[in-house]
Amino acid sequence: MKVLVTGGMGYIGSLTCIEMIAAGIEPIIIDNLSNSKLAVLDRIEKLTQTRPALYQGDVRDQALLDDIFKEQEISSVIHFAGSKAVGESVQKPLEYYDNNVNGSLVLVRAMRNAGVKSLVFSSSATVYGDPQIVPITENSPTGATTNPYGRSKYMVEQCLADLLVAEPDWSITLLRYFNPVGAHPSGTMGEDPQGIPNNLMPFIAQVAVGRRESLSVFGNDYDTPDGTGVRDYIHVLDLAQGHIAALNAVGKKAGLHIYNLGTGKGSSVLEMVNAFATASARPIPYLICPRRAGDIAQCWASTEKAEKELGWKANRTLMEMTADTWRWQSTNPHGYPDSQ
């Protein structure tokens, strides 16, 4: 089975390709390398003895997508490509709507032209906004998003739901991620943000390895046990395996399928700092800063639906998440090399 993976060179996409190959699925990658490097392809090949086909280009390039569908016998699409930083989205809303919303519409049009009607969409827990009740279930209210990134994911979800009303033979799966962290246990593949990291774990890792002086903790006055934000951190390989479970369970089943992908447990920023200090045996200096626009106090997932319908559950521990991240960062202190 060939599956088109948009953004397949990125952090989550590349590690999902590793798991897909192990499961006997052939990933066909399209990526514009805006937040990834060509060296990722070598690492995939080294770990799997398989080098996926890579089309270097933008998901908004419909002519390129049309060519890919003509050249490859694609049966499904996993759509990762998109911009993902909450803070940056507040500063660059139009760019986020163009890349995330318009990019998804161009992709779906190309899929329809090719008669490929099985899509797994990389959505986000941000569609739930600031939850009134935790844990968050798939039936929790959506749409009261607090930043353009979350709104862009919510808009795509709405577009896909409307498409299904008009064309009910599609299989569309919305996977609402919580907070992916960790790396491949080999230490050869992990998160490599360009510039200053926008997410907590890579920033902590860069402080531990000496690339950054200290971590900025945005807010210690939330209504949480230690005052810092609480999130549901999930190991990226558990997340990757959730995509394969979705492809296998509902990828050929018409309809709209929605699942949370998380662990069902929340950890605070300071808990993550302390866990990483233990894993790396290094102190993590941090500074308390004002709250960041668009952030919320706490969110974690109810995972019962995914367990019941997909047969999937996140199994890796917080210690595995931090240890794998440290193995990756300490072995690759500057991330992937700029060239192959």
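1. Burial first: "buried" here means under 20% relative accessible area, "exposed" means over 50%, and "partly exposed" is in between, with a 1.4 Å probe and protein chains only. By that cut-off, Tyr 11, Ile 12, Gly 13, Ser 14, Leu 15, Thr 16, Cys 17, Ile 18, Glu 19, Met 20 and Ile 21 of helix H1 are buried. That is 11 of the 12 residues of H1, so the rest of the structure largely encloses this helix.

2. Some ground rules. This is a predicted model, where local features need pLDDT of at least 70, side-chain atom pairs count only at pLDDT 80 or more, and totals for chains, interfaces and linings use all residues. Residues are numbered from 1 along each chain as its sequence is written, and side-chain values use heavy atoms, leaving out hydrogens and water. Helices (H or I, at least four residues) and strands (E, at least two) are DSSP runs, numbered from the N terminus.

3. Back to H1, and its length. The expected span of a helix is 1.5 Å times one less than its number of residues. For the 12 residues of H1 that gives 16 Å, and the end C-alpha atoms are 17 Å apart, which agrees. Just after H1, Gly 24 has a positive phi of about 85°.

4. What does H1 pack with? Helix H2 (residues 39–48) packs with H1 (residues 11–22) at an angle of about 25°, the axes being 10 Å apart. Axes are lines fitted to C-alpha atoms, for helices over the stretch in contact, and angles run from 0 to 180 degrees between N-to-C directions. H1 and H2 are therefore roughly parallel (angles under 35 degrees). On the H1 side, Ser 14, Cys 17, Ile 18 and Ile 21 meet Val 40, Ile 44, Leu 47 and Thr 48 of H2; contact means heavy atoms within 4.5 Å.

5. Now the parallel sheet: 7 strands form an open sheet, ordered S3-S2-S1-S4-S5-S6-S11. Strands S3 (53–56) and S11 (255–261) are at the edges with a single partner strand each, so one side of each has no neighbour in the sheet. On average, neighbouring strands of this sheet are turned by 20° against each other, direction ignored. Helix H5 (residues 93–114) packs on the sheet and touches S1 (2–6), S4 (74–79) and S5 (118–124), its direction making about 170° with that of S5. Pairing needs at least two bridges found by DSSP between two strands; S6 (residues 171–177) and S11 have 7 bridges in the parallel sense. Ile 172, for instance, has Leu 256 in S11 as its bridge partner.

6. There is also an open sheet of 3 strands with mixed pairing, in the order S12-S9-S14. S12 (267–268) and S14 (298–299) are its edge strands, each with a single partner, so one side of each lacks a neighbour in the sheet. S9 (residues 230–231) runs antiparallel to S12, joined by 2 bridges, and Arg 231 has Ser 267 in S12 as its bridge partner.

7. Two more helices to look at. In H8 (residues 236–250), 12 of the 15 residues are buried, so the rest of the structure largely encloses this helix. H9 (residues 269–280) has its end C-alpha atoms 16 Å apart, in agreement with the expected 16 Å. Its buried residues include Val 269, Leu 270 and Phe 276. Ala 281, just after H9, takes a positive phi of about 55°.

8. Last, Arg 151, which sits in helix H6 (residues 148–166). Arg 151 is partly exposed, at a relative accessible area of 31%. Leaving aside neighbours within four places in sequence, Arg 151 is in contact with Tyr 97, Thr 145 and Thr 146.

Methods: Angles under 35 degrees count as roughly parallel, over 145 as roughly antiparallel, 65 to 115 as roughly perpendicular and the rest as oblique.
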